[in-house]
Amino acid sequence: MGLIVQKFGGTSVGSVNKILNVAACVKEEIERGNKVVVVVSAMGKSTDQLVGLAKEISPQPNKRDMDMLLSTGEQVTISLLSMALNQQGMDAVSFTGWQAGIVTEPVHGNARISNINTDAIQNQLSAGKVVIVAGFQGITENGEITTLGRGGSDTTAVALAAALKADKCDIYTDVTGVFTTDPRYVKDARKLLSVSYDEMLELANLGAGVLHPRAVEFAKNYQVKLEVRSSMEKIEGTVIEGEAAMEQNLVVRGVAFEDEITRVTVLGLTNSLTSLSTIFTTLAQNNINVDIIIQSTTEAGTANLSFSIHTNDWLETLNVLEDNKGVLGYEQLDAENKLAKVSIVGSGMISNPGVAAKMFEVLATNNIQIKMVSTSEIKVSAVVEEKNMLKAVEALHKAFGLGNN
């Protein structure tokens, strides 16, 4: 008898019929002789609907209140799935994140899991029950309800698999695995049989929505056996593992993209040794994530600094920088919205020079201007105008031979 953690996303539990289908998937695993812990997201677009309700009341709702509101979405799903399983003759029990022992840091809206007390889950598993856990949520040491950020149910599932020492964690979604790019936008995108932890972490961080980045971090750090598979089709998915087999000798394994990027430029910054650390420490203290960073020095001896953020964080970033203008010592701020980030990812890039040059050549040939660039050993990212995002993705996907044809 093994222990399997199954995670079902919002599209997989978007209706009563889909919840009944999930119950059937769980039943199959039970009939194979395994113990099962199920992690679920809120139904369909219910989280978006809750966010919409909040925005009707306030353009910037209190983050604590938002966590109280959004955490209710998953509670609906766990209750209905437990009912479905019990109706089909399986003994099931539903837990909220805090009932499941998931403890997080004291950050609202984007908390990280700091500890999991598995006693309650283990007791129920020992009693022969299927345990259903609400994803995306936890509780602080002081009893405050928190959420893990969008896509956080993936993180819940993999963290539980690590804490419970599960034999496997299956991430069920509306696609059949991890593709070379998003098949909803690029028709000849191809499913990969396997992806390394490092490649998947880059793809997830760069906009591939199939897995949450923190979930991949947990999987890598605790060597959790992970598979992304379809909740509707009974076929093999994509295995996430330490070293993925090179398919067709592909140097680039995938193209990721993300819209709603804003470039912030801080002009006339005092060119001192502590200027950069002061700015980014201030932003970090306000839980603002910064991505690509570029600095240049002017003839006047000052520095100009550009960095990219998610557009949702723009107003808060502006307020933080303006509130601390005296301490930070800059002259003015500028911003450019309606940008996107397009990235190529592949472990083979380490030993193959010229990949970045080819990417830039492809974008130039297609008259796509590059605003910012970021590189690592296994990825190259370029910030472009949002209107050119899909054009860039299709061109790069074709140029690096990633399609089915």
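**Burial, cores and backbone in a predicted chain**

Visitor: What makes the contacts of the protein chain long-range in sequence?
Guide: In this predicted model, 74% of the contacts between residues at least 6 apart in sequence join residues at least 24 apart.

Visitor: Why is the protein chain called as compact as a globular protein of its length?
Guide: The chain holds twelve helices and 18 strands. Its radius of gyration is 22 Å, and the globule rule gives 22 Å for 405 residues; the two values are close, so the chain is as compact as a globular protein of that length. Along the principal axes, the C-alpha atoms fill a box of roughly 75 × 50 × 35 Å.

Visitor: How much of the protein chain counts as buried, and what supplies the area that the chain exposes?
Guide: Of the 405 residues, 52% count as buried, the cut-off being under 20% relative accessible area. The chain exposes about 18600 Å², and carbon and sulfur atoms supply 48% of that area.

Visitor: How far apart are the mean positions of the positive and negative charges?
Guide: The mean positions are 4 Å apart, taken over 34 positive and 46 negative charges.

Visitor: Why is Val36 called buried?
Guide: Buried means under 20% relative accessible area. Val36 has 1% relative accessibility, so Val36 counts as buried. This residue lies in strand S2, residues 35-40. Beyond its neighbours within four places in sequence, Val36 is in contact with ten residues' worth of surroundings that include Leu3, Ile4, Val26, Ile30, Leu125 and Val131. Val36 and Ile132 are 96 residues apart in sequence, while their C-alpha atoms are 8.6 Å apart in space.

Visitor: Why does Ser275 count as buried?
Guide: Ser275 has 8% relative accessibility; the cut-off is under 20%, therefore Ser275 counts as buried. Ser275 is placed in helix H8, residues 275-285. Not counting residues up to four places away in sequence, Ser275 touches Leu269 and Thr270.

Visitor: Which residues touch the most other members of the largest nonpolar core?
Guide: That core has 48 residues, and those touching the most other members are Val37, Ile121, Val133, Cys169, Met200, Leu211 and Ile240. Helix H5, residues 152-163, gives the most to this core, with six residues. A second, separate core has 24 residues, including Leu250, Met359, Ile368 and Val384. In soluble globular proteins, nonpolar side chains tend to be buried together.

Visitor: What is Ile240 in contact with, leaving aside its neighbours within four places in sequence?
Guide: Ile240 is in contact with Val178, Val195, Ser196, Tyr197, Met200, Leu211, Leu226 and Val228.

Visitor: Why is Lys165 called exposed?
Guide: Exposed means over 50% relative accessible area. Lys165 has 71% relative accessibility, so Lys165 counts as exposed. Lys165 is in the loop between H5 and strand S9, 168-173. Its phi is near 55°, a positive value in a residue other than glycine.

Visitor: What makes Glu260 partly exposed?
Guide: The relative accessible area of Glu260 is 36%; partly exposed is the range between the 20% and 50% cut-offs, so Glu260 falls in that class. Glu260 is placed in strand S13, residues 254-269. Glu260 has a positive phi of about 55° although this residue is not a glycine.

Definitions and conventions. Residues are numbered from 1 along each chain as its sequence is written. This is a predicted model: local features need pLDDT of at least 70, side-chain atom pairs count only at pLDDT 80 or more; totals for chains, interfaces and linings use all residues. Side-chain values use heavy atoms; hydrogens and water are left out. Helices (H or I, at least four residues) and strands (E, at least two) are DSSP runs, numbered from the N terminus. The radius of gyration is taken over C-alpha atoms; the globule rule is 2.2 Å times the number of residues to the power 0.38. Buried means under 20% relative accessible area, exposed over 50%, partly exposed in between (1.4 Å probe, protein chains only). Contact means heavy atoms within 4.5 Å. Accessible areas come from the Shrake-Rupley method with a 1.4 Å probe; for residues, only the protein chains shown count as cover. Lys and Arg count as positive and Asp and Glu as negative; His and the chain ends are not counted. The place of a charge is taken as NZ of Lys, CZ of Arg, CG of Asp or CD of Glu. A nonpolar core is a set of buried Ala, Val, Leu, Ile, Met, Phe, Trp, Tyr and Cys residues joined through side-chain atoms within 4.5 Å.
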